[in-house]
Structure formats: C-alpha cells, structure tokens
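Colleague: Could you please take a close look at the charged side chains in this model, and then place them in the setting of the whole chain? A formal account suited to a first-year student would be welcome.

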Amino acid sequence: MSERQCARDLQLQTLVIEQHERVLTARVVSPPFNYMTAQMHRDFDALTRAVDDDDTVGAVVVTGGVDKRYITHFDIADILAAAERANRPLSEHTLRRIAHGLDALTTLPGVEAALADSPLAGMLDITRFVNVVLRIMRSPAVYIGAIGGPCGGGGLELSVAFDVRIAADDDAVGFILPELLIGLTTTVGGQRLAQLIGPARALEMMLEGRMYTAREALDMGLVRQLVAPDELMPTAQQMAARYARRNRVTVGVQKRIFNEDLLLTPAESLRREASANAAGILSGPAPRALRAWVDRQRQGAGDSVFLTDLDPWARGDVVDLNA
C-alpha cells in the first residue's frame, strides 16, 4: 500500500490520528472551544478520502481531543465572514446550480486554491462538507461518534451521518441545533436527523433551540447508549474493534442500502439542503443575527453564547428574525 493511502499517516491541523489494529481514532482538537471550522472540513475531507482507500481501517472513532469538548458547533464568526465576503444575496436555486458546477470544477488541479479567497469560498466549503457526509454514509468503514462534550450545529450534523453514536453520561454533554435561532437552516444533517428521530421531533428540537441532555438524546434515539465518562473511549474502541472485523465491501454496500433509498439521491438532496443554508447566510435576518452573536461573544467570556447565555436566543429576544 502506498503512503498516500495510509490514513494513520495523515498530519492534519484539527484532527489527531492514531491507529490500533483495524481501528482508527480521530481526536478533534480545535482549542479552546472545539468549534467546527472550514479547516476542520478540509481535514475531515482528507481523512474520509484516506479511509476509503485504506484497507487496514475497518472502523473510525471520532471523539473530542479537548477536555469536556466534542464538536461544539460551527464557528459563527466564520459564517459571518463568509456572508460578508460574498456581499450579495443569492437565491437557493442559483446556489444549487453553483454547487453542481463546483463539484465538477474542483476535480481540476488548482481550482480549490484559486477559489479559496473568492466570494465562492463559503459555497466551496459547504460543497466539501456535503461530500464528506456522503463519503461517510457510503464508506466501507464504520464510523462511531464518542461524544464527551457539547455536540451542536455542524458537529451534530456531521455526527448523525455516523453509523453509531455513544455519549458520556455527563453534564458536560449536550445536543443542540441552534440554526433557526439565527435565521438559518441545517447544512447537511437535517434529513438524516429526521430519519433517526422522526421529522416532528427533529423540527421540535430546532424550534426549541435548547440544549438537550445526554439522557434526552438517548430517549429520542439520537445516541445508542450512555456510559460513564471514563468508559466512553474504552466502550467506543471495543465496539469499533468488533465492527472492524466485518468485511469492508459488504459494510459499504449495506450502508448504501440503508442510506440511499430515498426519493432523491443523497447527493441531490444534500445539495438542496446545503444551498438553502447558504441562501440563508447571504440574505434575510441571518447576517444580523450572526453579527449579534459575535458581538455578544466578544463582550462575554469568549465562549459560545449558546453555552453561556442561551435563553435569550431560545426566546427569540436577541434579533427579530421576522423583521
């Protein structure tokens, strides 16, 4: 096997990789708050590509590498920067067409680098996130989320694409989809969440916009089991070792059977979902809400205001999203 195909050899900025036998562990390290970022998307893109080409990997465990953190949510400041860089509203229909074009263009050498600082950079990142999620849902490896801290927004959307999620029975663990609180839709995880817990409960979770406990996540079927915090990684590793013994080819085929039996292909449906998200970032009340979020973060302790002062967002007091 060439070095290019060995996932364990990857040197990434936000993921620390190690491998034991057929289990690859990816620890998310984006201190201090473990926000998801565009760089994290690039790192997961590299990881999932390498895993698909690496026959020595039968399972991947994704966990937090910062104490009491998993993937808190996407960095709101990054979303605001993307909106300000684009500097114009675009319709969902237009953005879907752009997404299709970017899929084709990014196969050409040098295109991604050329677009990195352009107004299309945000859409390029969303397209990459779509492809990461599709790759996980089709992968011959089993992906397991070992959740030991806040799991929200893009972190939750990524995690629902995993095959199994387990969580620590710990007050530090919580699950939140705050997109509607800032005038946005989900990016890639809405449909998958609805499949897991039902459309009505998924919508309720977003309308409430509150932090759901690990126990509530277990009760609604969002996670498979809760374990003591010090048992989280041993349990995930044992599970991964067992699942890694399954045949990669048949695992990949079976995952496609479960994940792609939809009215639309996953690629098309995910592009539609992602385009709606991008349209929300570039128009309507979202930019005002994003600015308010960033301003409040700067005025406070610097941590996510969804963790430090969630109530006014849940009540809808901060920004009138219907103005």
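Charged side chains and their setting

Modeller: A network of salt bridges links three residues, namely D45, R49 and R135. The model in which this network appears is a predicted one. In general terms, side chains of opposite charge can pair when their charged atoms come close. For the present count, a salt bridge requires a side-chain nitrogen of Lys or Arg within 4 Å of a carboxyl oxygen of Asp or Glu. This rule gives a count of 14 salt bridges.

One of these pairs is formed by D163 and K255, whose closest N and O atoms are 2.9 Å apart. D163 belongs to the loop between α6 (153-159) and β6 (164-168), while K255 belongs to helix α11 (residues 248-259), so this salt bridge ties together parts that are 92 residues apart in sequence. The two partners may also be described by their accessibility. D163 has a relative accessibility of 25% and therefore counts as partly exposed. K255, by contrast, has a relative accessibility of 6% and therefore counts as buried.

A further pair consists of R296 and D309, with 3.8 Å between the closest N and O atoms. Here R296 sits in helix α13 (residues 286-299) and D309 in the loop between α14 (305-308) and α15 (311-315), so the parts tied together are 13 residues apart in sequence. R296 counts as partly exposed because its relative accessibility is 34%. D309 is likewise partly exposed, at a relative accessible area of 37%.

R315 and D317 also meet through their side chains in a salt bridge, at 2.6 Å from N to O. R315 counts as exposed because its relative accessibility is 56%.

Now consider a charged residue without such a partner. D43, which lies in helix α1 (residues 38-53), is buried and yet has no salt bridge. Which side chain of opposite charge is nearest to D43? That side chain belongs to R42, and the separation is 6.3 Å. Because a salt bridge must fall within 4 Å, a separation of this kind does not qualify. What does the side chain of D43 reach instead? The answer is the backbone nitrogen of Q13, at 3.2 Å. Once residues up to four places away in sequence are set aside, D43 touches L12, Q13, T14 and L15. Q13 is thus present both as the residue whose backbone nitrogen is reached and among the residues touched.

The backbone before helix α1 also deserves attention. P31 and P32 are joined by a cis peptide bond, with omega at about 5°. P32 is located in the loop between β2 (23-28) and α1. In the loop between β1 (15-20) and β2 stands E21, a residue other than glycine whose phi is positive, near 55°. E21 counts as exposed because its relative accessibility is 66%. K68 also has a positive phi, about 60°, although it is not a glycine. This lysine is found in the loop between β3 (59-64) and α2 (76-86). With a relative accessibility of 41%, K68 counts as partly exposed.

The whole chain supplies the wider setting. The chain has 15 helices and nine strands, and buried residues make up 56% of its 323 residues. Among the contacts with a separation of 6 or more, 77% are between residues 24 or more positions apart. L307, in helix α14, offers an example of parts brought together from distant places in the sequence: its C-alpha atom is 9.1 Å from that of T72, although the two residues are 235 residues apart along the chain. Apart from its neighbours within four places in sequence, L307 is in contact with R69, T72, P150 and M211. L307 itself is partly exposed, with a relative accessible area of 31%.

Finally, there is the matter of enclosed space. How many cavities of 30 Å³ or more does a search of the whole structure find? It finds two, and the largest has a volume of about 100 Å³. This largest cavity is lined by 15 residues, of which M137, V188, Q191, R192 and L270 are the closest to its centre. Helices α5 (121-138), α7 (190-197) and α12 (266-282) each contribute at least two residues to that lining.

Methods:
Residues numbered from 1 in each chain as written. Predicted model: local features only at pLDDT ≥ 70, side-chain atom pairs only at ≥ 80, totals over all residues. Heavy atoms only, no water. Helix = DSSP H or I, 4+ residues; strand = E, 2+ residues; numbered from the N terminus. Buried < 20%, exposed > 50% of the residue type's maximum accessible area, 1.4 Å probe, protein only. Lys, Arg positive; Asp, Glu negative; His and termini not counted. Polar contact = N/O pair within 3.5 Å; in protein donor to acceptor, adjacent residues only side chain to side chain. Contact = heavy atoms within 4.5 Å. 1 Å grid on protein atoms, 1.4 Å probe; cavity = no way out; pocket = protein on both sides within 12 Å on 5 of 7 lines; lining within 4 Å. Points joined across faces, edges and corners; volume = space filled by probe spheres on them.
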